[in-house]
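Let's take a friendly walk through this model, from a few single residues out to the whole chain. Keep the sequence and the 3D view open as you read.

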Amino acid sequence: MRSNAVDAALRARAAEVIPGGMYGHESVGMLPAEFPQFFARAQGARLWDADGHEYVDLMCAYGPNLLGYADPEIDAAYVDQLARGDTMTGPSPKMVELAEALVRQVAHARWAMFCRNGTDATSMAVRVARAQTGRRTILVARGAYHGSDARFTPVPTGSLPEDRAHVASFVHGDVASLHAAAKAAEGDLAGVLVSPFRHDAFVDQTMPDRAFAQAVREVCDRGGGLLILDEVRAGFRLSRSGSWTSLGVEPDLSAWGKCLANGHALSALLGGEVARDAATRVYATGSFWFSAAPMAAALATLARIRDTDYLERIERAGARLREGLARAAADSGYVLRQTGPVQMPQLLLDDDPDFRRGFAFAEEMIGRGVYVHPWHNNFVCAVLTDGDVDTVAAAASDAFAAVRAREGTLVPHARLAARLAR
């Protein structure tokens, strides 16, 4: 029986000084009870929790780990710049170098602005779109996540109906729904904010679709709005350029974050010429948005993206993982739905509407040294080895067998069930 004493003690202390003990997507209130809350270190594709238990990590810090935790070259660039100066009275030359590198790397980009996290980038994109068009309405896909800003937060407690007064929805991938929403916004369309593919929580993912991407571009062109591609989660995991470049569709604005600096806190808004003037007029800033050390890490990350086979390695590892998990599930009589790109797999079980089997599987995997999420998409990083994947597959085989043995005693997770019922 493994001990979680350190984690339990930290949770008790946190409950005294942090509201709820934890908040947002890191809250274990929406995860199996056996999941650790606190982690002591990370290296490559592995995590160690506060009690010293080791895990093959399939969440990659919810996406920022692209090239491996604590990558020595990237971290050395960060530390070197840290010694020279990080948050200073003004930005370092790294800001200009990084903007130039992103403009070279991302097909649609002609300029870049930097911020700290994904919500900063998506919120700034909306403001630029409204400034450019002089209009109000932003179309978003129903159920999509675009950050914790009051306009888009999936849990609206504390926000007002007015915060979403000029945000209208459509169904991702449904051209007719998109056209209907655009028609309702006719004359007031500021932009369409859309993810490269559907990666909503709790549901199957759907891959990028050329016809839908083209329809979004046409709606914006016809209605005078800007196409905003939310690359925060998928950026540089589907492509070395923009995620829709291969579909022949380029956005006017794109929001980036997560793996942009391989785990160091940095995000960006990239734009084309159509939005340059508006970007000079909006007031968007933060005390740490110009910090130089994350920008140095981002430059080292972009060099790796440009010059190595990181993406092909992620794709190979993801395909091997998909095959191994499918075999493990089938051996115990389960159908595991693995949707979305292999780089960002969503893992859901058939005949599991209240996620009781999915939660039990994730619990069993944690006990076998694998961190896998029961309702959010997972992530594959470039240093996940064949050996790591085989370890995950072997653990999954045992975990599915254990879930099968527990079938008669499984119960839905109370907090998740309450949320799904809303």
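A good place to start is A329, which sits in helix α9. Helices here are DSSP runs of H or I with at least four residues, strands are runs of E with at least two, and both are numbered from the N terminus. A329 is buried, since its relative accessible area is 0%. The word buried stands for under 20% relative accessible area, exposed for over 50%, and partly exposed for what falls in between, using a 1.4 Å probe and protein chains only.

Before going further, a word on the source: this is a predicted model, where local features need pLDDT of at least 70, side-chain atom pairs count only at pLDDT 80 or more, and totals for chains, interfaces and linings use all residues. Residues are numbered from 1 along each chain as its sequence is written, and side-chain values use heavy atoms, with hydrogens and water left out.

**Around A329 and the core**

Which residues does A329 contact, leaving aside its neighbours within four places in sequence? They are Y334, L336 and F400, where a contact means heavy atoms within 4.5 Å. Another residue to find in the viewer is L349: 20 residues separate A329 and L349 in sequence, and their C-alpha atoms are 9.0 Å apart in space.

Helix α9 also matters for the next topic. The largest nonpolar core holds 83 residues, and L102, F114 and F236 have the most contacts inside it. Such a core is a set of buried Ala, Val, Leu, Ile, Met, Phe, Trp, Tyr and Cys residues joined through side-chain atoms within 4.5 Å. Helix α9, spanning residues 310-331, gives this core its largest share, 8 residues. If you select L102 and ignore residues up to four places away in sequence, you will find it touching A109, A112, F114, F236, L260, A268, L270 and L302. Another core, of 25 residues, lies apart from it, with M124, V126, V140 and A278 among its members.

**Residues in and after helix α7**

D277 is in helix α7, residues 276-281. Is D277 buried or partly exposed? It counts as partly exposed because its relative accessibility is 45%. V282 is placed in the loop between α7 and α8 (292-307). V282 is buried, with a relative accessible area of 16%. Setting aside residues up to four places away in sequence, V282 touches R127, V128 and A131.

For some longer views across the model, here are three residue pairs with their C-alpha distances.

| Pair | Apart in sequence | C-alpha to C-alpha |
|---|---|---|
| D277 and S92 | 185 residues | 24 Å |
| V282 and W244 | 38 residues | 27 Å |
| F355 and N262 | 93 residues | 31 Å |

F355, from the last row, belongs to the loop between β12 (346-349) and α10 (356-367). With a relative accessible area of 7%, F355 is buried.

**Positive phi angles**

Two residues deserve a look at their backbone. A61 has a phi near 60 degrees, a positive value in a residue other than glycine. A61 lies in the loop between β3 (54-57) and α2 (72-84), and its relative accessibility of 39% makes it partly exposed. F202 has a phi near 75 degrees, also a positive value in a residue other than glycine. The loop between β7 (189-194) and α6 (210-223) is where F202 is found, and at 17% relative accessible area F202 is buried.

**A buried aspartate**

D388 is placed in helix α11, residues 386-406. Why does D388 count as buried? Because its relative accessibility is 8%. Not counting residues up to four places away in sequence, D388 touches A45, R46, V56 and V383.

**The whole chain**

Stepping back, the protein chain has 12 helices and 13 strands. Its C-alpha atoms fill a box of roughly 60 × 55 × 45 Å along the principal axes. For 422 residues, a compact globule would have a radius of gyration near 22 Å, and the chain's 22 Å agrees; this radius is taken over C-alpha atoms, and the globule rule is 2.2 Å times the number of residues to the power 0.38. Of the 422 residues, 54% are buried. Among contacts with a separation of 6 or more, 76% join residues 24 or more positions apart.
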